[in-house]
Amino acid sequence: MSKIILSMMLIFSFNLFAQTTPPATAASSTAMKKTLVSVKYFNQMMGNVHQNASRFSTVMTTISCNHPVKVLKETSTDGKEFMFYGENDWNLVTVGPYDGYIMSAYLSDKKNECFEEEYSKFFDGLELEINDLYYWARLYDQYTQGKSKVNR
Amino acid sequence: MKKLVYSTLVALTLQSAIAADKKIEHKDDHAPEAKTEATATAPAGDGKDLIDFSSIKDLIKKDGLEGELQKKQTEKRVLLDKKKLQDMKRFNVPPADVFWNMFSELWLVKNATLLKWDFHKPEFDIEKAFISLLEAQGIYEKKIKILLVDSTEVIHAALPTNDKEYIFVLSLPFIRTMDLSKVEISLILFEDFLRARKGYFKNYVTSKELESYMGSNFAGKPFDKKLIADHLKKYSNVLLVKGFSFQEQFEVTTEMDSLLKNDLKMWNTYLTLLEKIDNLTKTNALYKKYNQIYPSPELQMNWLKPKPTRF
C-alpha cells in the first residue's frame, strides 16, 4: 500500500513539475534582446515595413528609396542570435518609431541611385497621388522575383 | 557799524554777480571754438580726396592679391556653373533603359484596381521553375519579376523593360481554370519573354515623340503630361484590345519550336499547352478575348506540327 502511495506521489510531483515549468522555447522567445547590427538603405522605389516577416502582414509604414533603416539582431537568453526571419529573407529593422520587417533583398549597405532622386522633376511631373504611392509600395510586396545565374 | 556791514554785503553780492557773468561769457566763447574745430576736421575725414589708390594698386599687385581675387572669382564661377548644371540635371528625362521599367510599373500602379493584383496569394514558386527554364535555354543574368493578378483582363504578358529585367503579368484565375503545372506556366512566361525580347510590345507603344523625349532635358519647359498619359493609354490598348499580330505570333511560335526541340518532353508539353488554351478559348466565354490578344492557339499548333513530306 505504501508503495502505491509513494508511486502516486511521485507521478503527481512529476505532473506538477511539468505544469509549472514552461517550455524552453517559449521562455526564450519572450526575452529577446535587440541590438543594432548596421544601417542599411532601402533600394526600391517605394516599399513597406511589415509587422511580421511576411509580404501580406500589416503595413506599419511606407518608405521610399534610400531611406536609412537600422537593422537589428535578436539574442535569446540562451545566446542564440537571430538576424533573418521568415524563409531567411527578412530583416528586423527600426524605421522611425516602428520596429518591423523588410525583405533583405530590398536593403543595401550603401546609398543607391534612386529614380526619384536622379529624375526628381520628371518624377514630380507624374503627379502621383497618395493612392499611387501606396500601390507602388505594394507592388514590391506582390512581385515574386528571381534572377537567372551563370551556369558554373 | 551797521553801515560797514551793509557795504561789505553789497560788495560781496556784486563780486559774486560779476563772477557769474564771467562764467556765462566763457561758455559762449567755447561754442564758436567747437564749431571752428569741427569745420577744420571735416576735410580730413573725407578720405577719398586724400588716399592715393594708385600707389596701393602697385602694392596689391606685388602681394599677388589680384591673382588671388581672380582665382576666387573663377572658383565661384565654377561652383555656380556646377550648381546650375545640377539644377538642370534634375529636369532630365530618364533614358530608354530606365524609362521603360518605370513606365511599365507606372501602368501597373495606375491599373491596380482593374488588374486586381493587390491580394493575398499563395507561394507557387513559379519564379524558380521559370528561372530553371531560362538557365536551361542558356539565358543568364536576367532579373525577373512576376505579378499574379486576380482577374482575366490580362491573361499573361511581359511588359516593356530593358534587357536586364523583365516584368511579367499572369492571371491566377487562368492558371486555376487551366490547372496549369509549373512547367506549363514557365512555358507561357517563356513565350512572353521571347515577345518582349523581340520588342513587339515596345514597338506598339513607342512613338517618335516619346523616343526624342527619353533622355532629353525639359528645363525651362513644362512637363509633358499629355505624352505620358497618351502612352499609358497605348499600353492598355495593346494588352486589353489590340494584342499581337499573326506574323508576330508565327515568329514567336517558330522560335519556341526551334528552342524547345532539344528537349522533346518540353516540346510536347508546349504542344499540349496550346491544345489546352485552344479548348479553353473555344469553350469558356470568359477567355474569348484571348484569341484577339494572342492569335491564335489553333494556328500555333498547326505551325508547330511537323508537315507531312511529299515522299
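I will walk through the predicted model of chains A and B, starting with confidence, then the contact between the chains, and then some of the packing inside each chain.

Since everything here comes from a prediction, let me begin with the scores, which are an ipTM of 0.77 and a pTM of 0.77 for the model. For chain B the mean pLDDT is 86, with 82% of its residues at 70 or more. There is, however, a stretch of chain B, residues 27-45, where the pLDDT is below 50, and this stretch has zero contacts in the model beyond near neighbours in sequence. Where pLDDT is low, the predicted coordinates should not be read in detail. I would therefore ask you to look past residues 27-45 of chain B, because the pLDDT there is below 50.

Let me turn to where the two chains meet. Chain A gives 23 residues to the contact, and chain B gives 33 residues. On the chain A side, helix 4 (120-125), helix 5 (130-142) and strand 10 (144-147) each supply at least two residues, and it is helix 5 of chain A that brings the largest share, with six residues. If we sort the side of chain A that touches chain B by class, we find ten nonpolar, eight polar and five charged residues.

How does strand 10 of chain A run against strand 1 of chain B, parallel or antiparallel? The two strands run antiparallel, and four bridges join strand 10 of chain A to strand 1 of chain B, which covers residues 143-149. If you would like a place to find this pairing on the screen, look for Thr144(A), which stands opposite Ile146(B).

Staying with strands, I move into chain A and follow strand 4, residues 68-75, through its pairings. Strand 1 of chain A, residues 33-42, is joined to strand 4 of chain A by eight bridges in an antiparallel arrangement, and within that pairing Leu36(A) has Leu72(A) as its bridge partner. Strand 4 of chain A also pairs with strand 7 of chain A, residues 90-95, again in the antiparallel sense and over three bridges, with Val71(A) partnered by Val93(A). Strand 5 of chain A, residues 81-82, is joined to strand 4 of chain A by two bridges, and these strands run antiparallel, with Thr75(A) opposite Glu81(A). Strands 4 and 5 of chain A form a hairpin with five residues between the strands, and in that hairpin Gly79(A) takes a positive phi near 90°.

Finally, I come to chain B and to helix 8, residues 182-198, which packs against helix 12, residues 246-260, at an angle of about 120°, with the axes 10 Å apart. Helix 8 and helix 12 of chain B are therefore oblique to each other, and the crossing of helix 8 past helix 12 is right-handed. From helix 8 of chain B the contact uses Glu191(B), Leu194(B), Arg195(B) and Lys198(B), and from helix 12 of chain B it uses Glu251(B), Val252(B), Glu255(B) and Met256(B). By class, that contact has three nonpolar, no polar and five charged residues.

Helix 8 of chain B also packs with helix 13 of chain B, residues 264-283, here at an angle of about 80° and with the axes 10 Å apart, so helix 8 and helix 13 of chain B are roughly perpendicular to each other. Val183(B), Glu184(B) and Leu187(B) of helix 8 meet Thr269(B), Tyr270(B) and Leu273(B) of helix 13, and this contact has four nonpolar, one polar and one charged residues.

Terms used: Residues numbered from 1 in each chain as written. Chains lettered and ligands numbered in written order. Predicted model: local features only at pLDDT ≥ 70, side-chain atom pairs only at ≥ 80, totals over all residues. pLDDT = per-residue confidence, 0-100. Contact = placed C-beta atoms within 7 Å. Nonpolar A, V, L, I, M, F, W, Y, C, P; charged D, E, K, R; others polar. Pairing = 2+ DSSP bridges. Axes fitted to C-alpha atoms, helices over the stretch in contact; angles between N-to-C directions. Parallel < 35°, antiparallel > 145°, perpendicular 65-115°, else oblique. Left-handed = near helix turned anticlockwise from the far one by under 90°.
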